[in-house]
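Colleague: Could you take me through one part of this model in some detail? I would like to look closely at the sheet and at what packs around it.

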Amino acid sequence: MIEEIMHDFYRIEIPLPLLELQSVNCYAIKGPERHLIIDAGMDNNSCRQVMEASLKKLEIDLDRTDFFITHCHIDHFGLVTSLVRQGSTIYINRREADMVYRVGSGDIVSD
């Protein structure tokens with residue numbers, strides 16, 4: 001579901017299958033030069049299909065889109081890896097960026 005909050009500012013409701021929460025709110029801001037996606041949803045097929053269909057309906061070109069991630073929960077961050085394009089910028093706070101780097105480097109290992 002897409003809801004226009006104000007001119008060129010949209011809430012995109014992304015379903016969250018298999019989670020206690022029913023959905024996550026992602027936001028899209030259309031700009032004259034670049035667009036911004038705030039949070040992206042989980043990285044799974046149903047989330048990806050809803051997000052891609054929503055972006056297509058809103059005529060948002062991912063080649064001109066940056067991403068702002070509020071925090072590193074899977075339902076906010078997971079899908080960004082499928083949406084990001086060369087030249088995109090991902091904005092995230094320093095503490096969570098450091099954590100993502102440490103996980104990716106193998107410094108953090110889970111059981």
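Modeller: Happy to; here is a walk through the sheet, its far edge, the core and the cysteines.

Please keep in mind that this is a predicted model. The protein chain has a mean pLDDT of 86, with 86% of its residues at 70 or more. Confidence is highest in strand 1, at 97, and lowest in helix 4 (residues 94–105), where the mean is 68.

Now to the sheet itself. It is open, has 6 strands in the order 1-2-3-4-5-6, and its pairing is mixed. Strand 1 (2–6) and strand 6 (90–91) each have a single partner strand and stand at the edges, so one side of each lacks a neighbour in the sheet. Helix 1 (residues 45–57) packs on this sheet, where it touches strand 1, strand 2 (9–15), strand 3 (23–29) and strand 4 (35–38). The direction of helix 1 makes about 155 degrees with that of strand 2.

At the strand 6 edge, the link is to strand 5 (residues 65–68): the two run parallel and are joined by 2 bridges. Phe67 has Ile90 of strand 6 as its bridge partner. Strand 5 also holds Asp66, which counts as buried because its relative accessibility is 9%, under the 20% cut-off. Leaving out residues up to four places away in sequence, Asp66 touches Arg34, His35, Leu36 and Ile37, and also Gly87, Ser88, Thr89 and Tyr91.

Next, the nonpolar core. The largest one has 21 residues, and those touching the most other members are Ile12, Ile14, Met51, Leu55 and Leu83. Strand 2, strand 3, helix 1 and helix 3 (80–83) each contribute at least two residues to this core. Leu83 is worth a click in your viewer: setting aside neighbours within four places in sequence, Leu83 is in contact with Ala40, Met51, Leu62 and Phe67. Phe67 is thus a contact of Leu83 as well as the bridge partner of Ile90.

Last, the cysteines, in case you are setting up bonds. The disulfide count is 0. For Cys26, the closest cysteine sulfur is that of Cys47, and because the two sulfurs are 8.2 Å apart they are too far for a bond; the cut-off is 2.5 Å. Cys47 likewise takes part in no disulfide. Cys26 is buried, at a relative accessible area of 0%, and Cys47 also counts as buried, at 0% relative accessibility.

Notes. Residues are numbered from 1 along each chain as its sequence is written. This is a predicted model: local features need pLDDT of at least 70, side-chain atom pairs count only at pLDDT 80 or more; totals for chains, interfaces and linings use all residues. Side-chain values use heavy atoms; hydrogens and water are left out. Two strands pair if DSSP finds at least two bridges between them. Helices (H or I, at least four residues) and strands (E, at least two) are DSSP runs, numbered from the N terminus. Contact means heavy atoms within 4.5 Å. Axes are lines fitted to C-alpha atoms, for helices over the stretch in contact, and angles run from 0 to 180 degrees between N-to-C directions. Buried means under 20% relative accessible area, exposed over 50%, partly exposed in between (1.4 Å probe, protein chains only). pLDDT is the predictor's confidence in each residue, from 0 to 100. A nonpolar core is a set of buried Ala, Val, Leu, Ile, Met, Phe, Trp, Tyr and Cys residues joined through side-chain atoms within 4.5 Å.
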